[in-house]
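Here's a quick tour of some side-chain contacts, charged ones to begin with and aromatic ones later on. Have the viewer open as you read.

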Amino acid sequence: MEQIILRAIMWHVQDNQVIRPSQHGFRKGRSCLSNLISFYDKVTRLVDEGKAVDIVYLDFSKAFDMVSHSIPLEKLAARGLDRCTLLWVKNCLAGQAQRVVVNGVKSRRWPVTSGVPQGSVLEPVLFHTFINDLDEGIESTTHFGPPTTRDIEVPERVQRRATKLVKGLEHKSYEERLRELGLFSLEKKRLRGDLMALYNYLKGGCSEVGVGLFSQVTSDRTRGNGLKLRQGRFRLDIRKFYFTERVIKHWNRLPREVVESPSLEVFKRHIDVVLRDMVYWWTLQCYVNG
């Protein structure tokens, strides 16, 4: 029954764009990472412009357990959910009771008038409805990559030494050892993660947010993959080395068949082939020197 109610709510939510783009939790194609990228993109942009930025972190204690059932129901009604579905949701939440047991002695049952049963399929969508307007009217004032050559090379040296410990690989080059072990350098792994995140912003579950983060080059004379992005100009390294800027040059160099991958899984396979053929020092220089 809950699955039927969930589908009815989700149809309404998606058709009427009820959930704000700023919400990333419990949404397909979104995650804590996509949330941080969007937030820190604004922060680094403002810092680069010389503006002051204050950040306030809030941690909700028992965020949804203490919320009265009437609040999400009222918010769903305000967003235009039909009366029949609202009654279904109300009935799903009603009739719950709880009690405590101490030293074998049971208390009397007490009606549950707040929260949603843990593990309920309705919990995520009701939580979204409850916090959806939390940032309404608020102007937001890490996905930072290693900013210096040292920050990149120190952990790489650890892996470099570790691969030398494998018997039979002691006298081979680092790239040969990685190839034998089926590994990427740490720098390539970071680049792989960046490119996968960018694909998700351009063509995946975060494409709605990606419109505000990336600008496509529209010139007819654009060579290469046909989906090139515009590179910005900034004063500070904090912006230059941020994800939304550092990944663009690498994306623009990808072949057309890679950026036009029909799904993230296909993109992963294509990008792995590209990275295997990429020389380590070239990747390092692109990241450090811009």
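## A salt bridge at partly exposed residues

Let's start with Glu260 and Arg256, which form a salt bridge whose closest N and O atoms are 3.3 Å apart. Keep in mind that this is a predicted model. Side chains of opposite charge can pair when their charged atoms come close.

How exposed are the two partners? Glu260 has a relative accessible area of 45%, so it counts as partly exposed. Arg256 is partly exposed too, because its relative accessible area is 41%.

## Buried charges between helices

The whole structure has ten salt bridges. One of them joins Asp194 to Arg246, with 2.8 Å between the closest N and O atoms. This pair ties together distant parts of the chain: Asp194 belongs to helix α8 (residues 186–203) and Arg246 to helix α11 (residues 243–246), 52 residues apart.

Are Asp194 and Arg246 buried or exposed? The cut-off for buried is under 20% relative accessible area. Asp194 comes in at 3%, so it is buried. Arg246 has a relative accessible area of 7%, so it is buried as well.

## A network around Arg239

Now look at Glu245, which forms a salt bridge with Arg239; here the closest N and O atoms are 3.7 Å apart. Glu245 is buried, with a relative accessible area of 6%, and Arg239 is buried at 0%.

Which residues are linked to these two in a network of salt bridges? Asp41 and Arg45 join Arg239 and Glu245 there. Arg239 also has an aromatic neighbour: its charged end sits over the ring of Phe234, 5.0 Å from the ring centre.

## Aromatic pairs at Phe243

On to the rings. The structure holds six aromatic pairs. Among them is Tyr201 with Phe243, a tilted pair with 6.4 Å from centre to centre and 45° between the planes. Like the Asp194 salt bridge, it links distant parts of the chain: Tyr201 sits in helix α8 and Phe243 in helix α11, 42 residues apart. Both rings belong to buried residues.

Phe243 also pairs with Phe214: the ring centres are 6.2 Å apart and the planes lie at 85°, so this pair is edge-to-face. Here, too, distant parts of the chain are linked, with Phe214 in the loop between α9 (207–213) and α10 (237–240), Phe243 in helix α11, and the two positions 29 residues apart. Phe214 is buried, as is Phe243.

## An aromatic cluster

What else is there among the rings? Tyr199, Trp251 and Phe267 come together as one aromatic cluster.

## Thr163 and its contacts

Last stop: Thr163, found in helix α6 (residues 149–164). Its relative accessible area is 4%, so Thr163 is buried.

What does Thr163 touch? Leaving out residues up to four places away in sequence, the contacts are Leu169, Tyr174, Arg177, Leu178 and Leu181.

## Pulling it together

Helices α8 and α11 turn up twice in this tour: the salt bridge of Asp194 with Arg246 links them, and so does the aromatic pair of Tyr201 with Phe243. Arg239 is worth a second look as well, as it belongs to the salt-bridge network with Asp41, Arg45 and Glu245 and has its charged end over the ring of Phe234.

Note on methods. Residues are numbered from 1 along each chain as its sequence is written. This is a predicted model: local features need pLDDT of at least 70, side-chain atom pairs count only at pLDDT 80 or more; totals for chains, interfaces and linings use all residues. Side-chain values use heavy atoms; hydrogens and water are left out. A salt bridge is a side-chain nitrogen of Lys or Arg within 4 Å of a carboxyl oxygen of Asp or Glu. Helices (H or I, at least four residues) and strands (E, at least two) are DSSP runs, numbered from the N terminus. Buried means under 20% relative accessible area, exposed over 50%, partly exposed in between (1.4 Å probe, protein chains only). Contact means heavy atoms within 4.5 Å. Rings of Phe, Tyr and Trp (its six-membered ring) pair if their centres lie within 6.5 Å; planes under 30 degrees apart count as stacked, over 60 as edge-to-face and the rest as tilted. A charge sits over a ring if NZ of Lys or CZ of Arg is within 6 Å of the ring centre and within 35 degrees of the ring normal.
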